[in-house]
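User: I am new to this structure and would love a close look at one part of it. Please begin with the pocket, then walk me through the sheet and what packs on it.

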Amino acid sequence: MTKLYVGNLPFTATEDGVRALFSQHGTVESLSLITDRETGNPRGFGFVEMANAEASRAIQALNGADFDGRPLRVNEAQSKGRSNGNGGQRPY
């Protein structure tokens, strides 16, 4: 499985709409659109999980593609590492 970062989503994007877009390139195993914790408003990005080969095809086809008037940013999600707030450097 490959987890994809999907950025620059319009704030009107729905899970159904994003799923339909990515389903054209393979089976969407999971989908999550990120919302603000306090307001519940969309943050304009999300994550899609697909099989490796299908994820590669989706990146090629959808990165930079227009979705409701906005060019999507689609790439492989980077693992979220723990940060100490100091750019990863330990103060000595």
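**Pocket and sheet**

Analyst: Three nonpolar, one polar and three charged residues make up the lining of the largest pocket (Ala, Val, Leu, Ile, Met, Phe, Trp, Tyr, Cys and Pro count as nonpolar, Asp, Glu, Lys and Arg as charged, the others, Gly among them, as polar). The model is predicted, so local features need pLDDT of at least 70 and side-chain atom pairs pLDDT 80 or more, while totals for chains, interfaces and linings use all residues. Residues are numbered from 1 along each chain as its sequence is written, and side-chain values use heavy atoms, without hydrogens or water.

The lining residues are K3, I34, R37, F47, A77, Q78 and K80. A pocket here is an open set of 1 Å grid points where a 1.4 Å probe fits, with protein on both sides within 12 Å along at least five of seven lines; lining residues have an atom within 4 Å of a point.

Now to the sheet. Four strands (DSSP E runs of at least two residues) form an open, antiparallel sheet in the order 2-3-1-6; pairing takes at least two DSSP bridges. Strand 2 (28-35) and strand 6 (73-76) are the edges, each with a single partner, so one side of each lacks a neighbour in the sheet. On average, neighbouring strands are turned by 20° against each other, direction ignored.

Strand 1 (residues 2-7) pairs with strand 6 over four bridges, in the antiparallel sense, and V6 faces V74 of strand 6. Helix 1 (residues 15-23) packs on the sheet, touching strand 1, strand 2, strand 3 (42-50) and strand 6; contact means heavy atoms within 4.5 Å, and a helix is a DSSP run of H or I of at least four residues. Its direction makes about 140° with that of strand 2, with axes fitted to C-alpha atoms, for helices over the stretch in contact, and angles from 0 to 180 degrees between N-to-C directions.
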